[in-house]
Amino acid sequence: MATSSSSSSWREGMSSDNIKGLCLALSSSFFIGASFIVKKKGLKKAGASGIRAGSGGYSYLYEPLWWVGMITMIVGEIANFAAYAFAPAILVTPLGALSIIISAALAHIILRERLHIFGILGCVLCVVGSTTIVLHAPQEREIESVSEVWDLAMEPAFLFYAAMVITATFILIFHFIPLYGQTHIMVYIGVCSLVGSLTVMSVKALGIVIKLTLSGMNQLIYPQTWAFTLVVLVCVLTQMNYLNKALDTFNTAVVSPIYYVMFTTFTIVASVIMFKVSFVT
């Protein structure tokens, strides 16, 4: 009886848009989790006959298996992109925990990368934390135009956050990566996670653009739409480059959970600052 009541209250607390976003995010995790393994196989195959990605090479661009993994990831990201149009980033991003379980399990089976007890414990803690966030995800404010999102992005608090992220990213790329990129996983993952938080905010804006445009309010006429598009392109290319380096240099079972935790943390911080969401009710 108590379980039925709890389930009913959870559904009442989740709007229909949030539930759509939840389903899209879950399907996204399956594709993204599998894509890590396929891309890793492609990187290893390309590295055997050319310069490895971890050493600055791009021979993987000529490897069909890497492109299969990339296409799988794109499918997952499209589902993820759609999820941001319906649900808050604070709800969508933590659901990436499922992709960790998938990639860690497949890495253990296919890539023969051993998953130790602490790795298993870490995956379990990620899922527990994500579930807690999802169950208490706040309702998001209604956005009526891309200009409104732009105004939120132009507020001093978020501009300060964005400036700090860009500064830290440049320091990592030009100072720490040449020195520690091959030995310290946090350097590559740090770049991906920091830039990723800006990617998510811009993707969220584009998701709103598509949602409003399809409902009859054309948002493509606003220059802010194309500014967010440019940010997404630059950030995604940067993330892809350094994530490939991380996957080529370190074990997938290690890269995936660390990337997830850091990426989720920065995304939640960015969401709280930009959209002024709160877990306190």
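Two salt bridges are present in this structure, which is a predicted model. One of them joins Glu 63 to Lys 45, with 3.9 Å between the closest N and O atoms. Because Glu 63 sits in the loop between α2 (16-47) and α3 (64-86) while Lys 45 belongs to helix α2, this pair ties together parts that are 18 residues apart in sequence. The two partners can also be described by their accessibility: Glu 63, at 10% relative accessibility, counts as buried because the cut-off for that class is under 20%, whereas Lys 45, at 51%, counts as exposed because that class begins over 50%.

The other salt bridge is formed by the side chains of Asp 248 and Arg 52, at 3.0 Å from N to O. Here Asp 248 is part of helix α10 and Arg 52 is part of the loop between α2 and α3, so the pair ties together parts that are 196 residues apart in sequence. Asp 248 has a relative accessibility of 8% and therefore counts as buried, while Arg 52, at 35%, counts as partly exposed.

From these pairs we can turn to helix α8, which runs over residues 156-180. At 1.5 Å a residue, its 25 residues should span 36 Å, and the end C-alpha atoms, 33 Å apart, agree with that expectation. The helix is nevertheless bent, by about 35° at Leu 172. Leu 172 is also among the buried residues of α8, together with Phe 158, Tyr 161, Ala 162, Val 165, Thr 169, Ile 173 and Ile 177. In reading such a list it helps to recall that an α-helix has 3.6 residues a turn, so residues three or four places apart point the same way. What covers the buried residues of α8 includes the helices α7 (146-153), α9 (185-214), α10 (223-249) and α11 (252-275).

A further view comes from the record. An unreviewed UniProt entry carries the annotation "transmembrane region" for residues 21-38, 65-83, 90-111, 117-137, 158-179, 185-214, 226-243 and 258-279. Two of these spans can be followed in the model itself. Residues 21-38 are 100% helix and 0% strand, and the end C-alpha atoms of that span lie 26 Å apart. For residues 185-214 the chain is likewise 100% helix and 0% strand, with the end C-alpha atoms 42 Å apart.

Technical notes:
Residues are numbered from 1 along each chain as its sequence is written. This is a predicted model: local features need pLDDT of at least 70, side-chain atom pairs count only at pLDDT 80 or more; totals for chains, interfaces and linings use all residues. Side-chain values use heavy atoms; hydrogens and water are left out. Helices (H or I, at least four residues) and strands (E, at least two) are DSSP runs, numbered from the N terminus. The expected span of a helix is 1.5 Å times one less than its number of residues. The bend at a residue is the angle between axes fitted to the seven residues ending there and the seven starting there. Buried means under 20% relative accessible area, exposed over 50%, partly exposed in between (1.4 Å probe, protein chains only). Contact means heavy atoms within 4.5 Å. A salt bridge is a side-chain nitrogen of Lys or Arg within 4 Å of a carboxyl oxygen of Asp or Glu. UniProt positions are given in the numbering used here, feature names are shortened, and annotations may be inferred rather than shown by experiment.
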